Amino acid sequence: MIYLTLLNGTGYVFNGDDYMELRTKHRIMGAPVGTANSKGWSSSEAALPVELTKWETQWLIESGIVVLVSKAAALTAPPTAEMLQVYKTEFEAGLLAQADALKAEKLRDTERHVDKILVGKRNKLLKQCKNVEAAALTTDDVLQEIADNFVFERQNALVELPCSHMTNHFAQICTESVYDSKSLKYRVFRDLWRRGKFVTPGEAFGADFLIYPGDPILYHASHIVIILNSPTILPLELICKVRLSVTVNKDCVFAYEESDGNTIVYQTVEWRK
């Protein structure tokens with residue numbers, strides 16, 4: 001079972017494996033909103049957590065794929081002394097492991113150029129008239145000197161930004177709906193998803209949804225979907241929407257429901273010169 005964390009009225013995914021399962025198995029895209037670099041958030045370099053739309057969250061809950069939980073009480077409570085000690089211990093262990101890794105890399109790099117370094121050090125000793133020391137100097141001495149003089153500057157250390165929440169915490173299951181499942185927009189999304197489509201928000205293109213032939217990482221959107229409250233549309237609005245789809249090089253699909261209120265109808269309009 002996948003657990004979504006309730007934040008800002010919708011579900012968030014903090015676990016990488018959970019997100020990959022939602023994306024590859026259930027065609028739920030969401031939007032990574034975390035930052036993975038020191039320069040701040042970037043849409044091209046976003047990381048966990050992943051924010052799901054309210055209609056994606058609602059559909060996953062109704063399908064029994066996920067459970068929506070609130071961790072507000074656990075994650076906003078002050079940490080106990082024991083929790084702080086555990087965190088400090090793990091943090092220190094991470095820094096020590098990083099220091100060991102950097103030291104090992106430094107030694108490997110030295111080994112690749114140790115012959116040149118050895119010659120340089122021997123020449124320096126000879127200039128100082130230390131012939132005995134120069135003759136006795138070996139590659140092991142060079143490596144040992146590098147190891148002894150290695151200094152790990154903690155202010156330059158990489159600090160891990162955990163994606164998942166702490167192991168020991170509690171959560172409350174949320175039973176209330178996050179999106180109106182009777183709304184036309186939700187029912188259109190649900191119908192498109194059931195048809196095997198890859199669906200994402202379409203606001204950036206002046207539409208309600210974007211339809212992809214496959215995972216958006218690999219494909220461009222092929223259609224924009226515009227939801228109508230009735231089968232009737234004003235001519236000027238029709239021209240505007242279809243011209244918009246031509247501008248972004250996508251087919252325009254209008255979605256509305258039949259008078260019976262149970263059937264979603266799709267009508268594709270193409271702009272022909």
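**Warm-up**

Is Trp55 buried or exposed? With a relative accessibility of 5%, Trp55 counts as buried, since buried means under 20% relative accessible area. Keep in mind that this is a predicted model. Now for the exercises.

**Exercise 1. Describe the aromatic surroundings of Trp55, ring by ring.**

*Step 1: the setting.* A pair of aromatic rings is described by the distance of the centres and the angle of the planes. The structure has six aromatic pairs.

*Step 2: Phe189.* The centres of Trp55 and Phe189 are 4.9 Å apart, with 50 degrees between the planes, and this pair is tilted. Trp55 belongs to helix α2 (residues 54-62) and Phe189 to helix α8, so the pair ties together parts that are 134 residues apart in sequence. Phe189 has a relative accessible area of 1% and is therefore buried.

*Step 3: Phe209.* For Trp55 and Phe209, the ring centres are 4.9 Å apart and the planes stand at 90 degrees, so this pair is edge-to-face; the cut-off for that class is over 60 degrees. Phe209 sits in strand β8 (residues 209-212), 154 residues from Trp55, and the pair links distant parts of the chain. Both Trp55 and Phe209 are buried.

*Step 4: put it together.* Trp55, Phe189 and Phe209 form one aromatic cluster.

*Step 5: look along the helix.* The buried residues of α2 are Trp55, Glu56, Thr57, Gln58, Trp59 and Leu60. Just after α2, Gly64 adopts a positive phi of about 75 degrees.

**Exercise 2. Work out how helices α5 and α7 are arranged, and which residues make the contact.**

*Step 1: what to look for.* Two packed helices are described by the angle between their axes and the distance between the axes.

*Step 2: the geometry.* Helix α5 covers residues 114-127 and helix α7 residues 139-149; their axes are 10 Å apart and the packing angle is about 95 degrees.

*Step 3: the class.* Angles of 65 to 115 degrees count as roughly perpendicular, and α5 and α7 are therefore roughly perpendicular to each other.

*Step 4: the residues.* Helix α5 brings Val114, Ile117, Leu118 and Lys121 to the contact, while α7 brings Thr139, Val142 and Glu145.

*Step 5: their character.* The contact of α5 with α7 is made up of four nonpolar residues, one polar and two charged.

**Exercise 3. Explain why Cys240 and Cys252 are not bonded to each other.**

*Step 1: the bond in question.* A disulfide is a covalent bond between the sulfur atoms of two cysteines.

*Step 2: the distance.* The cysteine sulfur closest to that of Cys240 is in Cys252, 11 Å away, which is too far for a bond; the cut-off is 2.5 Å. Seen from the other end, the closest cysteine sulfur to that of Cys252 is in Cys240.

*Step 3: the surroundings.* Cys240 is partly exposed at 45% relative accessibility, whereas Cys252 is buried at 0%.

*Step 4: the total.* The structure holds zero disulfides.

**Exercise 4. Place Arg187 in the fold and list its contacts.**

*Step 1: the element.* Arg187 is part of helix α8 (residues 184-194).

*Step 2: burial.* The relative accessibility of Arg187 is 16%, so Arg187 counts as buried.

*Step 3: the contacts.* Leaving aside residues up to four places away in sequence, Arg187 touches Ser181, Lys182, Glu257, Gly261 and Ile264. Ile264 lies 77 residues from Arg187 along the chain, and their C-alpha atoms are separated by 8.1 Å.

*Step 4: a second pair to try.* Glu90, in helix α4 (residues 81-112), counts as exposed at 56% relative accessibility. The C-alpha atoms of Glu90 and Pro213 are 44 Å apart, with their positions 123 residues apart along the chain.

**Exercise 5. Check the backbone at Pro49, Arg27 and Cys129.**

*Step 1: Pro49.* Leu48 and Pro49 are joined by a cis peptide bond, with omega about 5 degrees. Pro49 lies in strand β4 (residues 46-51).

*Step 2: Arg27.* Although not a glycine, Arg27 has a positive phi of about 55 degrees. Arg27 is in the loop between α1 (16-26) and β3 (31-35), and counts as buried at 17% relative accessibility.

*Step 3: Cys129.* Cys129 is not a glycine either, and has a positive phi of about 60 degrees. Its loop runs between α5 and α6 (131-136). Cys129 is exposed, with a relative accessible area of 69%.

Definitions and conventions: Residues are numbered from 1 along each chain as its sequence is written. This is a predicted model: local features need pLDDT of at least 70, side-chain atom pairs count only at pLDDT 80 or more; totals for chains, interfaces and linings use all residues. Side-chain values use heavy atoms; hydrogens and water are left out. Helices (H or I, at least four residues) and strands (E, at least two) are DSSP runs, numbered from the N terminus. Buried means under 20% relative accessible area, exposed over 50%, partly exposed in between (1.4 Å probe, protein chains only). Contact means heavy atoms within 4.5 Å. Axes are lines fitted to C-alpha atoms, for helices over the stretch in contact, and angles run from 0 to 180 degrees between N-to-C directions. Angles under 35 degrees count as roughly parallel, over 145 as roughly antiparallel, 65 to 115 as roughly perpendicular and the rest as oblique. Ala, Val, Leu, Ile, Met, Phe, Trp, Tyr, Cys and Pro count as nonpolar, Asp, Glu, Lys and Arg as charged, and the others, Gly among them, as polar. Rings of Phe, Tyr and Trp (its six-membered ring) pair if their centres lie within 6.5 Å; planes under 30 degrees apart count as stacked, over 60 as edge-to-face and the rest as tilted.
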